[in-house]
Amino acid sequence: MAVFIPTLSLASSSMQTTVRAGPLQHASLPYEADLRSSIRLGLNTSSTSPHDSLVAGRWVKLICGASFEDVADVRNLSLVYTLAGVDCIDCAAESSVVRAVKEGIDAAVGLAVTLQPGSIALQRPWIMVSINDDEDVHFRKAVFDSSLCPTSCPRPCECICPASAIMLSSSSNMTLTGGVLNDRCYGCGRCITVCPLGLIGARSYTRNYMDVADLLESGNVDAIEIHTNARDLEAFKNLWRNLCSSIEVLKLVAVSLPDLGDDMQKKMGFMYDVMKPDLKALNLWQLDGRPMSGDIGAGATKAVVRLATKVLAYTDRPPGFLQLAGGTNFHTVRAMETSGLFEQDAEKKEMKYSKIAGIAYGGYARKILSEILSTINQNTSSSKLEDFPLLLVKAVREANLLVSLLKER
Ligand code: SF4
Ligand code: SF4
């Protein structure tokens, strides 16, 4: 069989090398053994079901982003993090994005079977989609008119964007052309604050029950996440009322909420009471410490650990697993250990329930793969990471380092 093997360079990396692209079944690839051992790492970390991971406090979720819709990246992220052993992949409630997640998972499972015949099957992570009941930072896109940008601007917006979602070039009439790549912008807002001319705004949108009805019917979605800031509890109630008839098939319903201040316990109780009569799935509270900031640095994780500590102290906390998000990164597990968040839940000791069910990684999980994914994106022969086995090995190892922090502690 003829084997197609184009080459590309992995720029500015510790793995300075020429990478060959070609089908994995090409038996002479020198890094096939490396790939096997990386996948073995993933098999070790994903040997429990998502449900068991929740119970054991070892649940790890990849957040692709409620607004991130670059299907090539979403597919490759799903491939890598499935091989690395995550329990759930959270993505935009859009059919092409869900399809991309599923393709990535299918490719990972196929790879594991090919390279590890006869070993433990790779767990398929649950697919989760996100919706919102009100204006929310996770559901917005940056917008600006680049024809108003002077060519002399050093373009801090382009430099600061963690998603490489701004592309500009000079035009002949002393202004810039280009702008925001809508599919890649996930609404972090960093570009808005750095523009010296204040040209960048945000377009917010709502993804509600109508946007997910077909997705839920398709059977490709296992879980749903409702983002709320609980400013308008009637909006939450309305969303739930319209949603509840279509969620019977789901395995998990998550509610994602930031620190709601002094009323937090009361508001969580209200939301739980609204959901309770129709709740047939597991429920989870995603505590969103400092939204979309995990890639910024060690300090970003403090807010979510503070929020988890606060919620754990509630004496009348509504039922449901607790999971951290927003500012989560390589430092989160250590910070949780220091704050005693891993101690077993005394009330449920006999059931081996953990106080905290798990962690969701978003910006940081994407950042550690960004160089690899951008190398793939610059290549014209294939957009599939598995066609570049050496990059795939590197990506799975990076991802596994992050996932195993919680899985193997
Ligand atoms: S900086 Fe954030 S808000 Fe601005 S374009 Fe990039 S992803 Fe979108
Ligand atoms: S920082 Fe503002 S003025 Fe400068 S290129 Fe970006 S949008 Fe235009």
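**A tour of strands, loops and ligand shells**

Let us begin in the loop that runs between strand E12 (282-288) and helix H10 (302-312), where Met-292 is found. What is the sign of phi at Met-292? The value is positive, about 55°, although Met-292 is not a glycine. Most residues other than glycine have a negative phi. Met-292 counts as buried because it has 25 C-beta neighbours inside 10 Å, and the cut-off for that is 20 or more. Please keep in mind along the way that this is a predicted model.

A second residue makes a good companion to Met-292. Ala-230 is not a glycine either, and its phi is likewise positive at about 55°. You will find Ala-230 in the loop that joins E10 to helix H8 (233-243). Why does Ala-230 count as buried? The reason is its 21 C-beta neighbours inside 10 Å, since 20 or more are needed.

Both loops start from strands that belong to one sheet, so let us turn to that sheet. Eight strands form a closed barrel in the order E3-E4-E5-E10-E11-E12-E13-E14, and their pairing is parallel. Averaged over this sheet, neighbouring strands are turned by 25° against each other, ignoring direction. Helix H4, made of residues 95-115, packs on the sheet and touches E4 and E5. The direction of H4 makes about 155° with that of E4. Elsewhere, H10, the helix that follows the loop of Met-292, lies across E12 and strand E13 (321-325). Here the angle to E13 is about 160°.

Now have a closer look at strand E5. On one side, E5 pairs with strand E4 (residues 88-92) in the parallel sense, over five bridges. Within this pairing, Asp-90 has Met-128 of E5 as its bridge partner. E5 also pairs with strand E10 (residues 223-227), again in the parallel sense and over five bridges. Which residue of E10 stands opposite Val-129? That residue is Ile-224. Next along, Ser-130 has Glu-225 in E10 as its bridge partner.

How many of the seven residues of E5 (residues 126-132) are buried? The count is seven of seven, and the strand is mostly covered. Trp-126, Met-128, Ser-130 and Asn-132 point one way from E5, while Ile-127, Val-129 and Ile-131 point the other way. Residues on both faces are buried.

The ligands are our next stop. Ligand 1 is surrounded by 14 residues, and the closest are Ala-142, Cys-161, Cys-185, Cys-188 and Cys-191. Sorted by class, this shell holds eleven nonpolar, two polar and one charged residues. Around ligand 2 you will meet another set of cysteines, namely Cys-149, Cys-153, Cys-157 and Cys-195. The shell of ligand 2 also includes Phe-144, Arg-155, Pro-156, Leu-168 and Leu-176. Leu-197, Leu-199 and Ile-200 are likewise part of the surroundings of ligand 2. How does this second shell divide by class? It has eleven nonpolar residues, no polar ones and one charged.

Finally, step back to the whole chain. The protein has 14 helices and 14 strands. Of its 409 residues, 47% count as buried. Among contacts with a separation of 6 or more, 79% come from residues 24 or more positions apart.

Note on methods:
Residues numbered from 1 in each chain as written. Chains lettered and ligands numbered in written order. Predicted model: local features only at pLDDT ≥ 70, side-chain atom pairs only at ≥ 80, totals over all residues. Near = placed C-beta within 6 Å. Nonpolar A, V, L, I, M, F, W, Y, C, P; charged D, E, K, R; others polar. Buried ≥ 20, exposed ≤ 12 C-beta atoms within 10 Å, placed from the backbone. Helix = DSSP H or I, 4+ residues; strand = E, 2+ residues; numbered from the N terminus. Pairing = 2+ DSSP bridges. Contact = placed C-beta atoms within 7 Å. Axes fitted to C-alpha atoms, helices over the stretch in contact; angles between N-to-C directions.
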